[in-house]
Amino acid sequence: MSQNLSTPVRGPLGGRWMQLAIGVVCMSMIANLQYGWTLFVEPMNEKHQWGRAAIQVAFTIFVVFETWLVPVEGWFVDKFGPRPVVFIGGILCALSWALNSVAASLPMLYVSAALGGAGAGAVYGTAVGAALKWFPDRRGLAAGITAAGFGAGSALTIVPIAAMIKAQGYEHTFLFFGLIQGAVVLVASLFLMSPKPGQVPAVAATSTTQSRRSYGPGEMLKAPVFWVMYLMFVLVAAGGLMATAQLGSIAKDFKIADVPVSILGLTLPALTFALSIDRVLNGVTRPFFGWVSDNIGRENTMFIAFSLEAVGVLALAKFGADPIAFVILTGLVFFAWGEIYSLFPATCGDTFGSRFATTNAGLLYTAKGTASLVVPLASVAVAKLGNWDLVFMLTAGVNALAALMALFVLKPLRTRFVLQAVAKEEVDVPSAKVVG
């Protein structure tokens, strides 16, 4: 029997906002797999002498498996629902850090990274896809809040992780936090649901360019506008991932990692302070810029954020050797970078519809894996040149390029794509509104 869409349908306990909150909790529990990694690099290198570049290969493997498997995991979500996918993801995340705690060789570290990446991707892709499905009327905000869990989720644990590494070693820290984080994901997964017809509001006219037609993954991959978004995602993500993985090494090379910094009455070592602030701002930026994009348009918001990122990176290159400037400027860099994880999924949902949102957003998210391939290259460049200047200049340059592409390439191309769909299927796109 078909569902009468005009009749309200009883939703899950707590409604769609509770589903969003559960997704945020899950994202917070997997955040340290990426954002806490930089704290473990130097201790591992000091013990095993594997070299920074070799250790950072594990980070690249993690991000590749976290992103490139998301479309497959998204297919499972669309077919079987979110619970089993997130449940298995929680197990893999816990197993990954447990293996890290006993890894005595690089191959074992790499296997652990692959498992953790697969687990984190299952959780991440499911949570973001759910936000796009539950909130077709507020995609930017919902995707931003969900992604904020991943961006800021490690903020509260940065200080205890750093303290535990110093007091009990990185091995014990990997095991302790891995088991706790994995257990929370397992429990939270049991409450996840996918929306049914009638459980989400109809989408009224918005200030963003939206399609009313849902495109399958195959159709999306044939659209040039998808590949423009993909290229822009790679350009911006590469610089941010470099900073995420290498921040500890950058602080050490600047000789400020352990220098006490006092801001607003709080005193912490520069690196610990920077990591704490960075995680908070990296989380705040996602719902903030997502909300901004709901109101002024995705591409306009991208231009502002990416331009700010380019300026922040240049300033970090020039003034980062000062401990206070290092803390403040890394915060600016992460604030201007983290919004890609709300803007691009929301733009993808706007352009290609809700029905296949998890799989489609997952395919776009693989751009992060592609971008991660440059992380070890940054370590190689620094080892050869003896400084971070080239890395910083390239990062600023690609962000500036992406900012210009947002306005002068993506915006007109996406507008034309949606208008063509309107012309062909006016009945399916009755209220699309295009921002000029």
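This tour moves through a predicted model of a protein chain, one selection at a time.

**Colour by confidence**

Begin by colouring the chain by pLDDT. The mean over the protein chain is 86, and 91% of its residues reach 70 or more. Select helix 5 (residues 82-100), where confidence is highest, at a mean of 96. Helix 17 (residues 375-385) may be selected next; confidence is lowest there, at a mean of 78.

**The stretches under 50**

Select residues 1-8, over which pLDDT stays under 50. For this stretch the model has four contacts beyond four places in sequence. Then select residues 427-436, where pLDDT likewise stays under 50, although the model has 27 contacts beyond four places in sequence for them. Where pLDDT is low, the predicted coordinates should not be read in detail.

**The hairpin**

Select residues 260-263, which form strand 1, together with residues 266-269, which form strand 2. The two strands pair in the antiparallel sense over four bridges. To inspect one of these partnerships, display V261 and its bridge partner in strand 2, L268. Two residues lie between the strands of this hairpin, and L264 takes a positive phi near 55 degrees.

**The aromatic pairs**

Now display the rings of Phe, Tyr and Trp. The count comes to 28 aromatic pairs. Among them, select Y124 and Y365, a stacked pair with 4.4 Å centre to centre and 10 degrees between the planes. Which parts of the chain does this pair link? Y124 belongs to helix 6 (residues 106-134) and Y365 to helix 16 (residues 357-372), so that distant parts of the chain, 241 residues apart, are linked. Are Y124 and Y365 buried or exposed? Both Y124 and Y365 are buried.

Keep Y365 selected and add Y341. These two rings form an edge-to-face pair, at 6.3 Å centre to centre and with 70 degrees between the planes. Because Y341 lies in helix 15 (residues 340-352) and Y365 in helix 16, the pair ties together parts that are 24 residues apart in sequence. Y341 is buried, as is Y365.

Extend the selection to the cluster that ring pairs link: Y124, F150, F233, F306, F334, W337, Y341, F344 and Y365.

**Lysines over rings**

With Y124 still displayed, add K368, which lies over the face of Y124 at 5.8 Å from the ring centre. Finally, select K79 and F80. The charged end of K79 sits over the ring of F80, 5.8 Å from its centre.

How values were computed
Residues are numbered from 1 along each chain as its sequence is written. This is a predicted model: local features need pLDDT of at least 70, side-chain atom pairs count only at pLDDT 80 or more; totals for chains, interfaces and linings use all residues. Side-chain values use heavy atoms; hydrogens and water are left out. pLDDT is the predictor's confidence in each residue, from 0 to 100. Contact means heavy atoms within 4.5 Å. Two strands pair if DSSP finds at least two bridges between them. Rings of Phe, Tyr and Trp (its six-membered ring) pair if their centres lie within 6.5 Å; planes under 30 degrees apart count as stacked, over 60 as edge-to-face and the rest as tilted. Buried means under 20% relative accessible area, exposed over 50%, partly exposed in between (1.4 Å probe, protein chains only). A charge sits over a ring if NZ of Lys or CZ of Arg is within 6 Å of the ring centre and within 35 degrees of the ring normal.
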